[in-house]
Every structure is written in C-alpha cells, then in structure tokens.
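Hi,

Here is the structure I said I would pass on. Have a look at it first, then read my notes underneath.

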Amino acid sequence: MKKKHKIELVAPAGNIEKLRIAFLYGADAVYIGYPGMSLRAYAEELNFGDEEIISKEAKKAGKKLYIALNAYLKEADLKKAEAAIKKINVITPDAIIVSDPGMIKIARNLLRCGIKIHLSTQANTLNSSSVLFWKESGVDRIILGREVTLKDIRMIKKVVPDMELEIFCHGAMCVSYSGRCLLSSVMTGKSANEGKCTHPCRWKYYLVEEKRPGEYFQIESFARGSYILNSKDLNMIDYITEIAKAGVDSIKIEGRMKSLYYIACVVRAYRNAVDCYHAGKKRVPKKIIEELEKISHRKYTTGFYVDRDSDSDMQIADTSAYERKYDFLGIVEKSSKNTVTLEVRNKIRKGDSVEVIGPDIGCDREETINLMFDQNGGVLKEANPGMKVKVRFNGCARPGDLVRKKNE
Ligand code: SF4
C-alpha cells in the first residue's frame, strides 16, 4: 500500500494551560506569540521569563513549538527585533514565524542553527514564484495565504516539492487579505498589524447620503441589521484527504485568544480527522464533523480553498453573533475511582445533565451531577466559576477531561 502523506496539526496556545490542553488533545505542535512582536497584542502571551517551562512542556510531550514574531517592523523596531532573536536562541523553539523580510534578514544573521524560519500567512504567499523567492531568502516553510485554492497548492507543490507548505484549516477569517487591512487603524486608531484589531468588519453598517445626515438606510433587508463585511469562519474538516493530496504538510488552527474549551474541541476534532486519513479512511465520520458545531462559532465556510468563485458564500450579512450550543462547565483536575475534582469555569447545578469529553471523541459520555461537594466535604447545590468541587460520576474521568452542558 502507498504510504500516506503525513499531516502535522498545529494549534494556538495563548497561555501555558492552553498549551497543555492543545498537546493533550492531539496537537503535534503549538504556536505562541512573542510579546510585542506578534499580531496578537491582547492574547495572554506566555511569560518568557518562564522559557524553561515552555521548552520543558514541549519536550516532555514530544511536540514542537513555533513562536510568532510576525509583526511588520518599523525602523524603530529593528533593535527590538535583534534582541528578540537573541532571546529566541535561548528559548530554542523549533521554528519562528515571521512576515517582514527585514526580520528574515535579522534572523538569518543571528538565529541559532537548527531553529527554522516559517513565513507567516501575513506575507500573502499565493503562487510558486513567490514560494521560490522565499526559499531563496532562507525560509524553510511557507504558511500560504487563505486565498489560495487546493488546485493552486497542488501546482505550487509540484513546482517547489521540497518546500514545506502549511495552511490555516479552521477559525476566523479577515474580509481583507491577512495583514492588509487598515479598517481598525482608520476607524479606531488601533492597528491590526500591531495585533490590536478592534474588528470593525464585525460591526453593523448603514448607508447615509451626505445631504441627509442622521438618516440611516438599510443596505440589505435583515431584521437585525447589515453586517456587510462580516466573514464566516473557516472549516476544512471534511477536506483532509483533499488537503493531503494537494501536498500540504501542516494544517493550522486559528485562535490564540480563543478559550481552552474551544481549543480542546477543535484540536481533538482535527486530530481524529487527520488520524482517520492516516488510517486510510476516505471520509471523516459525521460525529467528528459535528463536534465543531459544539463550540462557539460563526457560520462555516470552506473559504477559497475548494472553489474561489463561491465567495458569495463567505459572508454573513444578517448577524455577527456567534452560534453557541454548549457551555463549558469545568475541567477535571484529578480523579479517584468515580470521585472527580473539577475546576469550575461556569455555574454547575445539582441535577445538571452533562457530557464528559476527552481527547478521544469515541469515549465521550453523559453523566448527571447528583452529588457535589466542596473541598471540606460539604454538600453543594451549585458551584460557581473559580471553585474546586468534588463530583460523583458513574464512570471514571481523567485529568484534563472537560465537562460541558447543552444549552437549553
Ligand atoms: S477589521 Fe476585520 S478584516 Fe480587518 S484585520 Fe480586523 S478582523 Fe481582519
């Protein structure tokens, strides 16, 4: 049998807890932002005073760590960039993710041997000629722009077979080319290219004629307004085989600011889907695809990958709200027989019907919260976020399992 092309699964990690969950739920690698140098100014960035923990966690799990320094540099940033690369040499991640050619030049001069250079999606690489250019510039992997089609990727891989290619497979999308949007800068003074995007593309818009100030005309007729720039979320879980056949080496989940629950669910869904592909299954089982309906998300799209001409399907004009069918109640800290210690993240009430989930979707099961105790053994009728409680389950649970409840 022909050997399957292996696909790497890369997940976001906004803090140490999310890094651990991403690894536990099946990520092969995680990406984090370098403080002040990546495009997520508001993410709970890892504290690089703790670089020993970061390296230890990745090594202990036998996984890879990528650090994003993908901001575009101003002249005043050059010294800061050199200092960042020197610090990176101490942290020793597997790769750095960069956008600015200036940063690539600095990295090529100062970066420790063995740490690879990945080109960020912010560089909008969409064709084989660009890939060849970046290859000659010393880049080891290209994270392609979301605007490529699978057909384009196949062509690129054919022309540059030795270049590693990565794509985003899941998460939010910009209405503009990544890295080329000035909406937030213009409307709020907060630059998306400095990781401070205020997401004006998700706001509600009206049409105003210049001589009739105050008269707001609906642009499209939806009861809740018109969200003319609001993009759907990307979801490629049903296309793993096609992605692999196109020659993609690595798929990445967007969302360093997403919750721990979101990361666990998306990572395990894609882990299970990629494992199905590696096991030779043609399609991803429905149960795995449905898992992505159980997180907070906008309506889904396959973006440009499958059919670039279907871009009318990429926007949701009637709302910018998220769909949310489940609440994340808590995470299992430890368990002994069928008594489980839970860190509570959302209110839990006696009598709640819950689902206990772990890395393997096939092992999900239902439980009812019948008995709940505080740390001193006092019986509880409800528990609030921040508490640690003991609950009695019929089955067992493992540390890192999550408890969720369907919204009524
Ligand atoms: S405003 Fe919207 S399209 Fe522009 S950078 Fe922010 S999220 Fe992307």
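Before we get to the strands, one term: two strands count as paired if DSSP finds at least two bridges between them. Also keep in mind that this is a predicted model.

With that in hand, take strand S12 (residues 339-344) and strand S18 (residues 388-392), which pair in the antiparallel sense over five bridges. If you want one spot to click on, go to Leu342, whose bridge partner in S18 is Val389.

That pair belongs to an open sheet of seven strands, and the order across the sheet is S15-S14-S19-S11-S12-S18-S16. The pairing in the sheet is antiparallel. At the edges you'll find strand S15 (365-368) and strand S16 (372-373), each of which pairs on one side only.

What lies across the sheet strands S11, S14 and S19? That's helix H9 (residues 260-278), which crosses strand S11 (326-336), strand S14 (353-357) and strand S19 (402-406). Relative to S19, helix H9 runs at about 95°.

H9 turns up again in the cavity search. The count came to one cavity of 30 Å³ or more, and the largest cavity has a volume of about 40 Å³. Its lining is made up of Ile240, Thr241, Ala273, Cys276, Tyr277, Lys281, Lys282, Arg283 and Val284. Helix H8 (240-246) and H9 each supply at least two of the lining residues, with H9 giving the largest share, three residues. Sorted by class, the lining of this cavity has five nonpolar, one polar and three charged residues.

Then there's the ligand. Which residues surround it? They are Cys174, Val175, Cys181, Ala192, Cys197, His199, Pro200 and Cys201. This shell divides into seven nonpolar residues, one polar and no charged. So that you can set the two side by side: three charged residues line the largest cavity, while the shell around the ligand has none.

Over to you now, and shout if anything is unclear.

Cheers

Note on methods:
Residues numbered from 1 in each chain as written. Predicted model: local features only at pLDDT ≥ 70, side-chain atom pairs only at ≥ 80, totals over all residues. Heavy atoms only, no water. Helix = DSSP H or I, 4+ residues; strand = E, 2+ residues; numbered from the N terminus. Contact = heavy atoms within 4.5 Å. Axes fitted to C-alpha atoms, helices over the stretch in contact; angles between N-to-C directions. Near = heavy atom within 4 Å. Nonpolar A, V, L, I, M, F, W, Y, C, P; charged D, E, K, R; others polar. 1 Å grid on protein atoms, 1.4 Å probe; cavity = no way out; pocket = protein on both sides within 12 Å on 5 of 7 lines; lining within 4 Å. Points joined across faces, edges and corners; volume = space filled by probe spheres on them.
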